[in-house]
Amino acid sequence: MSGTNNPLYKHYDGKFEKQEQAYPGLQNKMHPVPDCGEESYVGNNQLKGKKALVTGGDSGIGRAAAIAYAKEGADVAISYLPDEEADAQEVKEVIEKTGQKAVLLPGDLRDEKFARDLVHEAEKALGGLDTLVLNAAIQQFEKDIRNLSTEQLTDTFTVNIFSNVWMLQEALQHLPEGGSVVVTTSVQAFEPAGLLSDYAMTKSSQVAFVIAMSGQLAAKGIRINAVAPGPVWTVLQVAGGQPQDNIPEFGQNTPLKRAGQPVELADTYVLLASDKASYITGQVYGVTGGMPINS
Ligand code: NAD
Ligand code: MG
């Protein structure tokens with residue numbers, strides 16, 4: 001049924017093969033490889049002249065946002081872990097083919113100094129910064145709360161929440177009036193799974209962060225919003241994000257009965273970064289295949 005506009009069948013809707021990688025994983029080793037819009041996203045100058053930093057822009061949803069931003073006319077810096085260089089190089093190639101600037105800034109967001117410096121490095125390399133996408137995250141399942149280590153708890157909260165705060169603090173030195181911040185939260189903020197308790201806690205904290213910040217940022221003429229994806233086919237899920245038994249039917253419990261592809265998130269990230277979203281701040285946009293985020 002490919003080629004159809006019926007959302008049930010528009011993208012891969014079959015079972016996934018079990019496949020396991022170590023965190024953070026490489027999306028170029030997945031099968032099928034997620035669709036991040038490399039070929040499928042078509043731009044229309046909606047972000048002409050913008051300069052964006054996307055954390056975790058090497059793969060998955062961040063990669064789809066980074067590619068769409070470039071295809072819409074933005075210069076883009078991405079951050080990622082050094083182990084993800086192969087994925088990052090692919091993104092650089094796609095961005096450069098659009099004629100936009102691609103800046104690669106590898107490093108670990110568990111390191112406060114790296115997280116803070118990253119914002120300034122991106123601003124310097126891009127010659128400005130008006131869009132900040134806080135998208136990088138750790139998701140490692142743990143079925144029994146008694147086995148949740150302090151190390152995992154600390155890493156998950158540091159990357160998913162602390163680094164968001166650190167980076168926003170630094171970015172406020174650069175973001176101009178009309179600037180936009182987009183935070184990737186999750187349907188897990190609203191329907192937390194028992195085996196993702198630490199992750200879900202950080203995702204609901206991100207919602208509180210975005211709503212809490214919207215007033216402060218509004219006073220500066222800057223908007224901040226969140227995107228809450230449902231189950232999306234990315235390497236996060238096969239690199240410790242889910243038990244292998246959940247992989248074959250991943251996403252099939254949604255009303256649309258399949259996993260989303262990262263490119264299906266791209267337009268929402270574009271809208272929230274664009275000047276067309278001038279009356280949108282402090283909101284959470286669900287792109288969930290129909291899973292509720294407001295009940
Ligand atoms: P992904 O693995 O492709 O992207 C996550 C990225 O986070 C990695 O590429 C990596 O660069 C970055 N990252 C992880 N640990 C890091 C660290 N210590 N330092 C620096 N960077 C680090 O997976 P994805 O699914 O595209 O995830 C992107 C966002 O989407 C995350 O915020 C995730 O919580 C959210 N999300 C994903 C799903 C899904 O089903 N895939 C659902 C809801 C929300
Ligand atoms: Mg990655």
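In this predicted model, ligand 1 is surrounded by 32 residues. The closest of these are Ser59, Glu84, Asn135, Tyr199 and Thr234. Sorted by class, the shell around ligand 1 comes out as 16 nonpolar, 11 polar and five charged residues.

Three of the closest residues are worth a look for their polar atoms. Tyr199 puts a polar side-chain atom 2.5 Å from an oxygen atom of ligand 1. For Ser59, a side-chain N or O atom sits 2.6 Å from an oxygen atom of the ligand. Asn135 goes about things through its backbone, with an N or O atom there 2.7 Å from an oxygen atom of ligand 1. Taken alone, ligand 1 would expose 810 Å², and the protein buries 99% of that area.

As for where the ligand sits, the space taken by ligand 1 is the largest pocket. Helix H1 (60-71), helix H5 (197-218) and helix H6 (235-241) are the elements that each give two or more residues to the shell around ligand 1. Of the elements, H6 gives the most, chipping in three residues. Tyr199, with its polar side-chain atom 2.5 Å from a ligand oxygen, falls within the range of H5 (197-218).

Away from the ligand, attention turns to charge pairs. Side chains of opposite charge can pair when their charged atoms come close. The count here comes to 15 salt bridges. One of them joins Glu249 and Lys15, whose closest N and O atoms are 3.4 Å apart. This pair ties together distant parts of the chain, 234 residues apart. Glu249 belongs to the loop between H6 and helix H7 (263-273), while Lys15 belongs to the segment before strand E1 (51-55). H6 thus turns up twice in this account, once as the element that gives the most to the ligand shell and once as one end of the loop that holds Glu249.

The segment before E1 also has some backbone features to point out. Two of them are cis peptide bonds that lead into prolines. The bond from Tyr23 to Pro24 is cis, with omega near 5 degrees, and Pro24 is found in the segment before E1. Another cis peptide bond joins His31 and Pro32, this one with omega at about -5 degrees; Pro32, too, lies in the segment before E1. Then there is Asn45, which is not a glycine but still has a positive phi, of about 60 degrees. Asn45 lies in the segment before E1 as well, as does Lys15 with its salt bridge to Glu249.

Note on methods. Residues numbered from 1 in each chain as written. Chains lettered and ligands numbered in written order. Predicted model: local features only at pLDDT ≥ 70, side-chain atom pairs only at ≥ 80, totals over all residues. Heavy atoms only, no water. Near = heavy atom within 4 Å. Polar contact = N/O pair within 3.5 Å; in protein donor to acceptor, adjacent residues only side chain to side chain. Areas by Shrake-Rupley, 256 points an atom, 1.4 Å probe, with all protein chains shown as cover. 1 Å grid on protein atoms, 1.4 Å probe; cavity = no way out; pocket = protein on both sides within 12 Å on 5 of 7 lines; lining within 4 Å. Sits in = over half its atoms within 2 Å of the grid points. Helix = DSSP H or I, 4+ residues; strand = E, 2+ residues; numbered from the N terminus. Nonpolar A, V, L, I, M, F, W, Y, C, P; charged D, E, K, R; others polar. Salt bridge = Lys/Arg side-chain N within 4 Å of Asp/Glu carboxyl O.
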